[in-house]
There are 2 protein chains.
Amino acid sequence: MEKKKIIGIVGGMGPYAGLDLTRKIFDETRASSDSEHLPVALLSYPQRIPDRTGYIAGRANVNPAQEIFEIVRELIRLDVSIIGMPCNTAHAPQIFDELRRLVTDAGLQVQVLHLIEEVARYLIEQGQDHRNLGLLATRGTYAARSYQAVLEPLGFQVITPDDAGQERVHAAIYDPDYGIKTHSNPVREKAQHELRAIVGDLRQSGAEAIIVGCTELPLALGGDEVEGLPLIDPTGILARALIREAAPDKLRSHPTTVHSF
Amino acid sequence: MEKKKIIGIVGGMGPYAGLDLTRKIFDETRASSDSEHLPVALLSYPQRIPDRTGYIAGRANVNPAQEIFEIVRELIRLDVSIIGMPCNTAHAPQIFDELRRLVTDAGLQVQVLHLIEEVARYLIEQGQDHRNLGLLATRGTYAARSYQAVLEPLGFQVITPDDAGQERVHAAIYDPDYGIKTHSNPVREKAQHELRAIVGDLRQSGAEAIIVGCTELPLALGGDEVEGLPLIDPTGILARALIREAAPDKLRSHPTTVHSF
């Protein structure tokens, strides 16, 4: 049996997002028995990685890239050669670029896929015509303009909520009373209601599809579309990209978790 | 912040069972933010671990304990101190006892919890009066009498299907056309139908509760009860046992995935 490359996952940002990516890797793998599934190592160490949005907002001095890098080293010691991070906010340039620098400076032989660059690749490969994309994300991702930095040079328009709307999306994720990070199973109705309202606003502003740009959000927004707009799920796209790099022959031709539109 | 012990999971037996245990650890943890969740390392290496039932049936010579032991060593290098294996069949005496011997002989400082011993502990702590327990399991677990070996000395009666019934349960798990290992998301209706029929037979034979004794089965049998009989979910029990050993203050007092009855 050919030895398959091990897929590593830097989890814990948050814990359920790590599970969601792992499940989507399994779902997107062509396998009819246990042994046909790919090897995956998930390290879910939420206490070690500082809050990403807090760092981007300047409320914390320590770059989360440092601790993510230490976990990447642990994954490499497990013989992992391809790594994914199910956290959009960790792909802000000030965090991800620093991680890339640390990996390069240490001379590590590992491929850390960039979640948002994979979304761009997916959109282009789909040849789809929705050029106006609404973005649901954390305060950190909005502030860092992580999606704009990658997508706008390619001709896409990224549409974001106004300031109050961004705060409502952030609260749907973080609020201790109804946010997804606290109440993830089951998700509170208020979180779902708030997100649907914001999607409605984004549609009013011209959005033709919605990027579900925080890995907690698929827990609240299931299915193919919301308020009549197709959903783009970066976690599902990252899952397929990891399989493509690890074992392209194992990639399902008909995606089950990423919907063409 | 107090450093929490890392929980290690030997996954891949099968891949979705590893996810199910990880999710139940998160669900059973008292946490209101990412950073309050416990550190978990999941190594899902399905290709490395030979089929457990095949070994018990004498169709394979290599004891799966050997490769499980290698994965335990990798977990220890990650500083894991408590390990769970979401696979009932791997707890057959001829596999688990060999694993224990390898760990002891190597002088490794690690606690590998025994899934079935934890079920026994749970039943006794519940002080429940269902002494006649129906068992759904793989051919390997039935043949090895893994549950009987632990539960009968404690006064429980383990009720198993007849030979044809055991084959039907095994097929619901392994059959390439409708078994859970091939069709886990979604599970095929035939697999669910077959399992319900066998539960009906076990009730006829006097079973007062059902042990869902293969980690693939909760994917097909959700909820608290089937055919009027309460379900005992060893995966949920193992999740709680792992938290109890790693950080007892983090264990939810009201279980969400294990139902008292």
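In this tour of a predicted model, Lys and Arg count as positive and Asp and Glu as negative. With that in mind, look at the charges on chain A: the chain carries 27 positive and 35 negative side chains. The centres of these two sets lie 3 Å apart.

Now let's see how chain A is built. Its fold contains 10 helices and nine strands. If you follow the C-alpha trace along its principal axes, the chain spans about 55 × 45 × 40 Å. How does the radius of gyration of chain A fit with a compact globule? For 261 residues, such a globule would have a value near 18 Å, and chain A has 18 Å, so the two agree.

The inside of the chain is worth a look too. Here, buried means under 20% relative accessible area. Buried residues make up 61% of the 261 residues in chain A. Consider also the contacts in chain A with a separation of 6 or more: 73% of them come from residues 24 or more positions apart. On the outside, the accessible surface of chain A comes to about 10,100 Å², and carbon and sulfur atoms account for 45% of this area.

Finally, bring in the second copy. A turn of 180 degrees, with a shift of 0.0 Å along the axis, lays chain B on chain A with an RMSD of 0.0 Å. The two copies are therefore related as by a two-fold rotation axis. In chain B, the C-alpha nearest this axis belongs to Leu42(B), 2.5 Å from it. Which surface do the copies use to meet? They meet through the same surface, because 100% of the interface residues of chain B are also interface residues in chain A.

Methods:
Residues numbered from 1 in each chain as written. Chains lettered and ligands numbered in written order. Predicted model: local features only at pLDDT ≥ 70, side-chain atom pairs only at ≥ 80, totals over all residues. Heavy atoms only, no water. Least-squares fit on C-alpha atoms with pLDDT ≥ 70 in both. Contact = heavy atoms within 4.5 Å. Helix = DSSP H or I, 4+ residues; strand = E, 2+ residues; numbered from the N terminus. Rg over C-alpha atoms; globule rule 2.2 N^0.38 Å. Buried < 20%, exposed > 50% of the residue type's maximum accessible area, 1.4 Å probe, protein only. Areas by Shrake-Rupley, 256 points an atom, 1.4 Å probe, with all protein chains shown as cover. Charge placed at Lys NZ, Arg CZ, Asp CG, Glu CD.
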